[in-house]
Amino acid sequence: MPLSDIMARVAKACEDAGRAADEVTVIAVSKVQPDERVRAVLDEGHRVFGENKVQEAAGKWPRFREEYDGIDLHLIGPLQTNKARQAMGLAQAIHSVDRPKLANTLARIAQETGTCPDLFIQVNTGEEPQKAGVMPLDVDGFVAECRGLDLPVRGLMCIPPVEETPSLHFALLAKMADRNGLPGLSMGMSGDFEQAIAFGATHVRIGSAIFGERVKA
Ligand SMILES: *Cc1c(COP(=O)(O)O)cnc(C)c1O
């Protein structure tokens with residue numbers, strides 16, 4: 001689907017929810033997409049992109065940054081502590097802060113370099129054993145811990161279980177963000193971004209609906 005159609009659907013979902021369209025940032029998730037598809041979206045003027053692997057982002061975005069100004073890169077996938085420094089050098093936001101060890105590493109590097117990307121804490125709202133994210137009961141404590149480390153926590157992020165109604169998870173995440181005084185909500189993907197916007201999403205992460213099905217480059 002062309003980017004303009006996605007932006008129109010986002011604008012409509014905002015209008016239906018009584019929200020301003022500029023309250024929602026569309027992160028175009030470009031993982032595993034061929035360069036020519038990414039370039040087409042850049043040429044349409046879009047600048048906010050998401051990748052789930054540091055390695056792949058490092059191989060792609062420094063090149064695009066030589067050609068296009070103002071790229072805003074968001075890392076949305078699991079982050080190993082030994083890749084934290086590289087991730088912090090590449091991305092303007094990290095959506096997958098999910099454990100104390102990672103928070104401590106990010107804080108140490110942030111103090112050393114004097115900068116830190118915007119951070120989102122990933123919450124395992126479905127309490128799925130195989131999925132990353134802080135358990136719902138641990139969220140308040142972990143937010144406090146990150147704040148104690150002076151980390152710039154902007155919001156919460158979730159990936160609802162595939163077989164469940166996403167809106168229940170969006171509502172839960174919104175409630176947890178609200179009680180922690182966090183303005184950001186990274187939720188909603190190709191199949192459910194309109195619902196996520198209805199529940200207050202500030203960042204929707206849209207891959208296949210923008211770029212087409214993911215293919216191996
Ligand atoms: C791949 C990915 C997306 C995008 O998924 P689509 O269904 O293609 O929109 C969103 N969030 C995360 C964390 C992802 O890894």
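These legends accompany several close-up views of a predicted model.

**View 1. Helix α7 and the parts of the chain that cover it.**
Helix α7 takes in residues 166–179, which makes 14 residues. At 1.5 Å a residue, a helix like this should span 20 Å, and the C-alpha atoms at its two ends are indeed 20 Å apart, so expectation and model agree. Which residues of α7 are buried? They are P166, S167, H169, F170, L173, M176 and A177. As you look along the helix, keep one rule in mind: an α-helix has 3.6 residues a turn, so residues three or four places apart point the same way. The cover over the buried residues of α7 includes two helices, α6 (139–148) and α8 (193–198), together with the strands β6 (153–157) and β7 (184–186). After α7 comes G181, a residue with a positive phi, near 65°.

**View 2. Helices α2 and α3 packed against each other.**
Two packed helices are described by the angle between their axes and the distance between the axes. For α2 and α3, the angle is about 40° and the axes are 12 Å apart. An angle of that kind is neither roughly parallel nor roughly perpendicular, so α2 is oblique to α3. The crossing of these two helices is right-handed. Where do α2 and α3 meet? On the α2 side you will find D35, V38, R39 and L42, and on the α3 side K60, W61, R63, F64 and E67.

**View 3. Two salt bridges between α2 and α3.**
Side chains of opposite charge can pair when their charged atoms come close. Here R63 pairs with D35 in a salt bridge, and their closest N and O atoms are 2.9 Å apart. Because R63 belongs to helix α3 (residues 54–67) and D35 to helix α2 (residues 35–43), this pair ties together parts of the chain that are 28 residues apart in sequence. R63 is partly exposed, with a relative accessible area of 38%, and D35 is partly exposed too, at 27%. A second salt bridge joins R39 and E67, with closest N and O atoms 2.5 Å apart. This pair also links distant parts of the chain, since R39 sits in α2 and E67 in α3, 28 residues apart. Are R39 and E67 buried or partly exposed? R39 counts as partly exposed at 27% relative accessibility, and E67 counts as partly exposed at 48%.

**View 4. A salt bridge between α4 and α5, and a small network elsewhere.**
How many salt bridges are there in the model? The count comes to 12. One salt bridge is formed by R85 and E112, whose closest N and O atoms are 2.9 Å apart. R85 lies in helix α4 (residues 84–90) and E112 in helix α5 (residues 100–113), so the pair ties together parts that are 27 residues apart in sequence. R85 is partly exposed, with a relative accessible area of 42%, whereas E112 counts as exposed at 52%. Exposed means over 50%, which is why E112 falls into that class. Elsewhere, E51, E56 and K60 are linked in a network of salt bridges.

**View 5. C116 and Q80, two loop residues.**
C116 lies in the loop between α5 and β5 (118–122), and at 23% relative accessibility C116 counts as partly exposed. Leaving aside neighbours within four places in sequence, C116 is in contact with M88, A110, L151 and P152. From C-alpha to C-alpha, C116 and I94 are 9.5 Å apart in space, although 22 residues separate them in sequence. Q80 is found in the loop between β3 (72–75) and α4, where Q80 is partly exposed at 47% relative accessibility. The C-alpha atoms of Q80 and K53 are separated by 10.0 Å, and these residues are 27 residues apart along the chain.

**View 6. V32 and E127, two residues with a positive phi.**
Most residues other than glycine have a negative phi, and most peptide bonds are trans. V32 is not a glycine, yet its phi is positive, near 55°. Look for V32 in the loop between β1 (25–29) and α2; V32 is partly exposed, with a relative accessible area of 25%. E127, also not a glycine, has a positive phi of about 50°. Which loop holds E127? E127 is in the loop between β5 and α6, and E127 is exposed, with a relative accessible area of 51%.

Notes:
Residues numbered from 1 in each chain as written. Predicted model: local features only at pLDDT ≥ 70, side-chain atom pairs only at ≥ 80, totals over all residues. Heavy atoms only, no water. Helix = DSSP H or I, 4+ residues; strand = E, 2+ residues; numbered from the N terminus. Expected span 1.5 Å × (residues − 1). Buried < 20%, exposed > 50% of the residue type's maximum accessible area, 1.4 Å probe, protein only. Contact = heavy atoms within 4.5 Å. Salt bridge = Lys/Arg side-chain N within 4 Å of Asp/Glu carboxyl O. Axes fitted to C-alpha atoms, helices over the stretch in contact; angles between N-to-C directions. Parallel < 35°, antiparallel > 145°, perpendicular 65-115°, else oblique. Left-handed = near helix turned anticlockwise from the far one by under 90°.
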